[in-house]
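Below are some remarks on the model, set out as numbered points. They take one helix, then the ligand site, then two backbone details.

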Amino acid sequence: MSEKSQSQSSPQSPVKKPTILSGMQPTGSLHIGNLEGALRNWVRLQEDYWMFCCIVDLHALTADWQNPKVLKDRVFEMAVDFLGAGLDPDKCAIFIQSEVPQHSELHLLFSMLITVPTLTRLPTYKEKKDKLDSYGFLGYPVLQAADICLYNADKVPVGKDQEKHIWLAADLAERFNNTYRKVFRVPEALLTSIPLILGSDNRKMSKSYGNHIPLEATEKQTEKIVKSYYTDPKKIRQGDSGHPDKCPVFLLHKVYSPDPESEIAPVCKSGELGCVDCKMMLSANLNNALQPNRDRRAELLKHPADVWDVLATGRDRARSRAENVMEKVRAAMKINYRGKKK
Ligand code: TRP
């Protein structure tokens, strides 16, 4: 769909749809925490918004700058995971950040409008500054603000941990509008309640902890990980009473099983249900829920060129929208020397 027809209202929706920009770092294969925490939400949102889904490879370089050769595979995997989750390339532009150079351009221009102390005060910077103190890492949130403002996004679906970055993007948009002229919409975070999903060791599910259930895992592999899950250390054998409210397996039942409060919790507490059986039930339900994703992934992996095509189409749509905004930005900042606008 061309950018022009996109920004006009369609027959089904007389109201112009608002825009969403979402971004994710290509850090390797995604897991069910990413699926339930972000992707399922994006898939719902694509019905009501114009979506731009950006694979932020430049952000990934802030950490992986010494090992850039991993990027290509990770970007590809991320595109497969996005499509596998049900993102529809007709409804949302899926693209690679570095393929739209306007992101870097706006990042540089935005960097004039923000002070260094504002950036060093951010918790995300403070957390990692001992390991990562590059100029690029300091500017990470400025690049994120550029990602968002470049599409004049109304909403940005993120987790609580990213809220400050969205405020910063809103602040940059307003500052720009006040300093020059109104070019940007002021973006807002779209916080949605997401289910808590813990990893096999009872910590937050994360690829870096190695406690995750990858979307690419087969049924057997998934079952094996579920079997390895941490459970109540006081419930050693069937007959011992368990504490579902403290068990990461029960958290997964809450997401994937039909009626865990009445079918799992009471029999776990009473001891009738042992952990092995409980995990087998979960594996079956989890595998069931992941089946549509697996089917789509298998199909995509047979045709890798199609995945790259989706990224090329996404790139073209993103570029045309981004260039539109950048023309206004350059004109406002008086760096369009041969342009028409004074
Ligand atoms: N910083 C985000 C994260 O770590 C990733 C990101 C980059 C992003 N650019 C974005 C998220 C733009 C939303 C919008 O999760």
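1. The buried residues of helix α11 pack against α15, which spans 275-302. The model is a predicted one, and the remarks that follow should be read with that in mind.

2. Helix α11 covers residues 219-227, and its buried positions are Thr 222, Glu 223, Ile 225 and Val 226. These lie on the same side of α11, because they cover an arc of only 165 degrees around the axis. The face turned away from this buried side carries Lys 220 and Lys 224, both exposed. Note that Glu 223 is among the buried residues, whereas the two lysines, Lys 220 and Lys 224, sit on the face turned away from them.

3. Which residues surround the ligand? They are Leu 21, Gly 23, Val 56, His 59, Tyr 140, Gln 144, Asp 147, Ile 148, Val 156, Val 158 and Gln 162. By class, this shell holds 6 nonpolar, 4 polar and 1 charged residues.

4. As to secondary structure, β1 (19-24) and α9 (140-149) each supply at least two residues of the shell around the ligand. The largest share comes from α9, with 4 residues.

5. Three side chains each have an N or O atom at a short listed distance from ligand nitrogen. For Asp 147 the distance to a nitrogen atom of the ligand is 2.7 Å. For Tyr 140 the corresponding value is 2.8 Å, and for Gln 162 it is 2.9 Å. The protein covers 85% of the 370 Å² of accessible area that the ligand has on its own.

6. Two backbone angles deserve a look. Most residues other than glycine have a negative phi. Asn 202 has a positive phi, near 75 degrees. Asn 202 is placed in the loop between β5 (188-190) and α11, so the element that follows this loop is the helix discussed in point 2. With a relative accessibility of 27%, Asn 202 counts as partly exposed, because buried would require under 20%.

7. The second case is Lys 334, where phi is positive at about 60 degrees although the residue is not a glycine. Lys 334 lies in the segment after α16 (304-332). Its relative accessible area is 49%, and Lys 334 is therefore partly exposed, since exposed means over 50%.

Definitions and conventions. Residues numbered from 1 in each chain as written. Predicted model: local features only at pLDDT ≥ 70, side-chain atom pairs only at ≥ 80, totals over all residues. Heavy atoms only, no water. Near = heavy atom within 4 Å. Polar contact = N/O pair within 3.5 Å; in protein donor to acceptor, adjacent residues only side chain to side chain. Areas by Shrake-Rupley, 256 points an atom, 1.4 Å probe, with all protein chains shown as cover. Nonpolar A, V, L, I, M, F, W, Y, C, P; charged D, E, K, R; others polar. Buried < 20%, exposed > 50% of the residue type's maximum accessible area, 1.4 Å probe, protein only. Arc of directions from axis to C-beta. Contact = heavy atoms within 4.5 Å.
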